Structures are given as C-alpha cells and as structure tokens.
Amino acid sequence: MNLFKDFKQVSYQEWLDKINIDLKGKNFTDTLIWKTDEEINVQPFYNSESLKDNISQHFDVTHNNINNEIREQIEITSIKEANHQALNALKGGANSIQFNGMIATPQEMNELLNDIMLDVIAIHFYTPNPEQTLRLFNSYLKANNIDKSKLNGSISFDFLGEVLISGNWIKNESADFKQLYNIQNNASLKTISIRGDYYSNAGASITQELAYTLSHAVEYIDQLTELGLSSEKVINNITFSLGINSNYFFEIAKIRAFRILWQIVTEAYGVKITNTYIHSQTTSYNIAAQDAQTNILRTTTEGMSAILGGCNSLSITPFNFAYENPSDFTLRVARNIQIIIKEEAYLNKVQDISKGSYYIENLTDQLVTKVLNLFKDIENNGGFLANIQNDHIQNNIHLVNSKKEQEYKDGSRSLLGVNIHLNKIETTPSAKINTTNNSDGTITQLEQVNIPQILAQKETTNV
C-alpha cells in the first residue's frame with residue numbers, strides 16, 4: 001500500500017467545509033479561532049497549504065552545536081559558597097556555569113575557579129565591571145597556563161538592559177559604552193549580552209520581546225561602531241538571553257523566529273553570521289509561591305519549548321525561587337529537568353526538531369513578519385535608546401501586561417495552582433520576588449512582574 005497514492009490529499013477548503021457542517025450553523029471564526037497577545041489568529045487546523053511561501057525555508061534556524069549547555073546561575077554573595085555551588089552543579093550534571101556579581105581581586109578569582117575545569121565546561125561571568133573581570137580572568141589563565149582560545153563562554157554585562165531595569169547607568173552613558181568598547185579586543189569570550197528575558201518578565205508579548213531585543217542589539221552595534229569597532233566584531237560578540245514562558249508552541253516558534261530575524265538584521269550591516277548564540281531562561285513571571293511544586297510542571301514544559309526551539313543553553317528556575325533562596329535539592333531538581341529532556345527524551349539528537357510542523361512553521365512565519373514591523377517602527381522613531389528615554393517601550397509593555405493581569409484576575413486566563421485548582425490545604429509562604437521600582441534615574445524603570453504574587457495580594461485584599 002502506498003499511502004500517498006491510495007489516499008488523495010485533502011485541501012484546506014475541504015477540511016473547512018467539513019468543519020462547518022459539523023458546527024451545525026455556529027460561526028467558524030467565533031467558535032474555533034482564538035487571538036493571541038501577538039494579534040495572531042490561531043486556526044483549529046493547519047495543513048501543507050499553511051507552508052506556502054514559508055519564510056524559514058530560506059534561513060538556517062539551527063545552531064552548530066545541538067548538545068546544548070545546562071547552565072547553572074550562581075549569585076556571588078560569598079566567593080567560597082559560589083565555588084562550592086559551582087562544583088556541586090558540575091557534579092550534578094551541569095556543563096555550564098554563570099557567575100553573577102563582582103570579583104574584586106586575583107585571590108577571589110583563584111578561589112572562585114578553584115577545581116573548575118575550564119577546558120571542558122562553558123564559563124560565563126555577568127558583572128557590572130566586565131573590564132575588571134576580564135583583566136582578572138586573563139591573569140588567571142596566564143598563571144595557570146590555560147589556552148584561552150579553546151575556552152567557551154562570556155564575560156559581559158547588559159548596560160542598556162540594566163539601565164532599563166534600574167533607571168540608572170552604572171557610571172554614565174558615555175563611560176558605560178566606553179567600558180564595553182575597551183574589552184572587545186582583549187577577550188576570547190563573548191562580551192555583549194542582550195537580556196531579552198527582562199521583557200518577558202515584564203509581561204511583554206512575544207512580538208514585543210523579540211522586536212525590543214533586536215532594537216536593543218542594534219543600539220549596541222551603532223554605539224560601538226561609532227566608537228571605532230567594526231559591525232562584524234560587535235555582532236560576533238553578542239549573545240542573547242530570551243525568557244521562556246508557558247505558551248508552549250509559541251515559545252518554540254519564538255526562538256526559531258529570532259534566528260531568522262537576527263540574520264535579516266545582520267545582513268543589513270553586511271555581516272553574514274554562522275551562529276546566533278541564544279540562552280534561554282525560564283521566566284519568573286509565572287513562578288508561584290502557592291503550591292510551588294506546580295512550578296516543576298511549568299518549567300519542564302518551558303524547558304522543552306526552549307530545547308525544541310533550538311536554544312544554545314538553558315537555565316531552569318528552581319521551583320522554590322518565589323519564596324526562598326534555592327536549596328541544593330531544588331537546584332538539583334532544576335538541573336534534572338534538563339538532564340531528563342536531554343538524556344531520556346533525546347531532544348538533543350535532532351537539529352531543528354520542529355521543522356515541517358505546519359503549526360510551528362506558520363507561527364514562526366507570522367512572528368517574523370509582526371516583529372519586523374514593530375522593529376522598523378522603533379528604528380524609524382529614533383531607535384532603542386530614544387524609545388526608552390521617552391517611555392514608549394515601557395508604556396507599550398505595560399499596556400499588554402495590564403490586559404494579562406486583568407485576565408488572570410477574572411479567571412479568563414489560567415495559572416495552575418494559583419487562580420485555578422488551588423491547594424486549599426497547603427499553607428502558602430510569603431512571596432519574596434522583588435518587583436519594587438525605586439529609581440531616581442532619568443529613565444523610567446521597566447517593571448518586572450510576578451503574576452502569582454499580584455494575585456495573592458488580591459486574595460489578601462478580598463479577605
């Protein structure tokens with residue numbers, strides 16, 4: 001039997017006619033089509049006709065290394081404790097470490113990296129003084145006779161992202177860009193980080209997150225090329241961090257779409273990129289203190305979306321993040337989610353595993369089109385920095401998030417264990433996620449949001 005010969009292909013119109021018969025007079029659009037935050041009308045079915053003139057067929061949406069990094073995020077509050085956590089993470093299955101915070105002296109760098117085999121893991125530093133960290137790191141490599149050309153990782157800080165979050169530059173606009181410029185020719189690791197996850201954690205739509213992330217990156221390219229760097233040098237030093245939320249298929253399509261979008265943008269600068277480095281971080285937007293084990297379900301599906309979408313590295317938020325500092329146990333659970341996805345689900349064995357899916361390919365195409373339109377609007381109105389100085393970006397994200405908040409409050413949008421299927425028996429600890437704005441800076445802060453915390457405050461108010 002030849003299935004392709006013996007069964008004729010059913011057209012989109014034939015499917016539609018059959019569905020309309022089954023609906024018995026109900027309106028197809030009102031009954032079966034739903035509209036997303038991205039203004040995309042999601043159909044109840046897709047077929048091969050959905051891939052007519054498919055955009056992604058003209059682009060490489062894979063990355064060179066499908067063996068993605070399992071990245072542990074470590075806050076440097078104590079150098080000794082940070083090293084201890086890093087070694088535990090590596091023993092527990094992580095193959096990438098990111099240290100967040102300041103390293104002040106050669107002795108601290110030595111203690112921080114003690115017993116860490118830099119030649120077999122990826123090492124990342126996210127620090128408000130990347131120039132100093134790079135100097136200390138290069139001295140460490142020289143003292144330990146380590147070939148820095150063979151290392152993988154980054155030493156970076158997103159000055160633009162942090163000014164949007166805090167309202168303040170580290171020193172001032174000129175000095176911060178100058179520091180970033182100074183390290184470009186002295187590092188073998190990547191040096192420019194774009195925190196797209198800040199937009200998703202503020203409640204942005206996917207279209208907004210990707211468009212603002214692109215504009216964010218273009219601002220760095222333009223600022224640093226004005227200081228004398230080539231656009232190729234800047235582009236090749238950029239890494240992206242995208243937040244991953246619970247909209248499963250859209251998050252898969254988001255990463256695929258972003259690879260296409262970044263290729264379009266870089267080609268406009270005359271640069272052909274061979275690989276776009278995308279880190280994914282599961283969101284803190286929906287992480288709950290209520291019935292916190294449900295966070296494991298959320299972060300598992302989010303992690304799957306990131307891997308299926310083709311991220312280069314992934315960090316899973318520990319399930320107790322909303323109300324206490326992560327413990328060895330909750331960090332282990334977060335790592336094990338990735339290990340199961342990688343070693344038992346084998347999602348790292350195929351490049352662009354979602355290729356050919358009518359639904360995901362269609363979503364990818366629609367996101368590319370919508371993001372480009374918004375990106376062009378930002379650039380035509382002065383670019384990223386101008387649009388955060390006049391609050392345009394902050395206000396637009398706030399409008400989208402306000403609609404989401406209201407839908408969570410009235411129950412038309414659901415969050416398991418928070419506004420549906422609540423655990424009435426378990427005592428809920430107080431949430432600790434800090435979303436307070438306290439800037440005295442000239443730029444309005446982009447508020448970071450935690451929906452479960454907001455809903456818990458509403459419940460308290462109603463008591």
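This report looks at strand β5 and its surroundings in a predicted model.

## A strand enclosed

Let's start with strand β5, which spans residues 122–126. Of its 5 residues, 5 are buried, so the strand is largely enclosed by the rest of the structure. In a regular strand, side chains alternate between the two faces of the sheet. In β5, both faces are covered: A122, H124 and Y126 are buried on one side, and I123 and F125 are buried on the other.

## Neighbours on the sheet

Strand β4 (residues 96–100) runs parallel to β5, and 5 bridges join the two. If you would like a landmark for this pairing, find N100, which stands opposite Y126 of β5. Together with helix α5 (residues 106–112), β4 and β5 make a right-handed β-α-β unit.

Strand β6 (residues 152–156) is also joined to β5, by 5 bridges, and these two strands run parallel. Here H124 has S154 of β6 as its bridge partner. A right-handed β-α-β unit is made by β5, helix α6 (residues 130–143) and β6.

## The nonpolar core

Nonpolar side chains tend to be buried together in soluble globular proteins. In this model, the largest nonpolar core has 106 residues. F125 of β5 is among those with the most contacts inside this core, along with F99, L113, F137 and W262.

F99 is a handy residue to inspect. Leaving aside its neighbours within four places in sequence, F99 is in contact with I123, H124, F125 and Y126, and also with I74, I76, A82, A86, L112, L113 and I116. There is also a second, separate core of 8 residues, including Y285, V418, V449 and L455.

Notes. Residues numbered from 1 in each chain as written. Predicted model: local features only at pLDDT ≥ 70, side-chain atom pairs only at ≥ 80, totals over all residues. Heavy atoms only, no water. Buried < 20%, exposed > 50% of the residue type's maximum accessible area, 1.4 Å probe, protein only. Helix = DSSP H or I, 4+ residues; strand = E, 2+ residues; numbered from the N terminus. Pairing = 2+ DSSP bridges. Right-handed = clockwise from strand over helix to strand, strands pointing away. Core = buried A, V, L, I, M, F, W, Y, C linked by side-chain atoms within 4.5 Å. Contact = heavy atoms within 4.5 Å.
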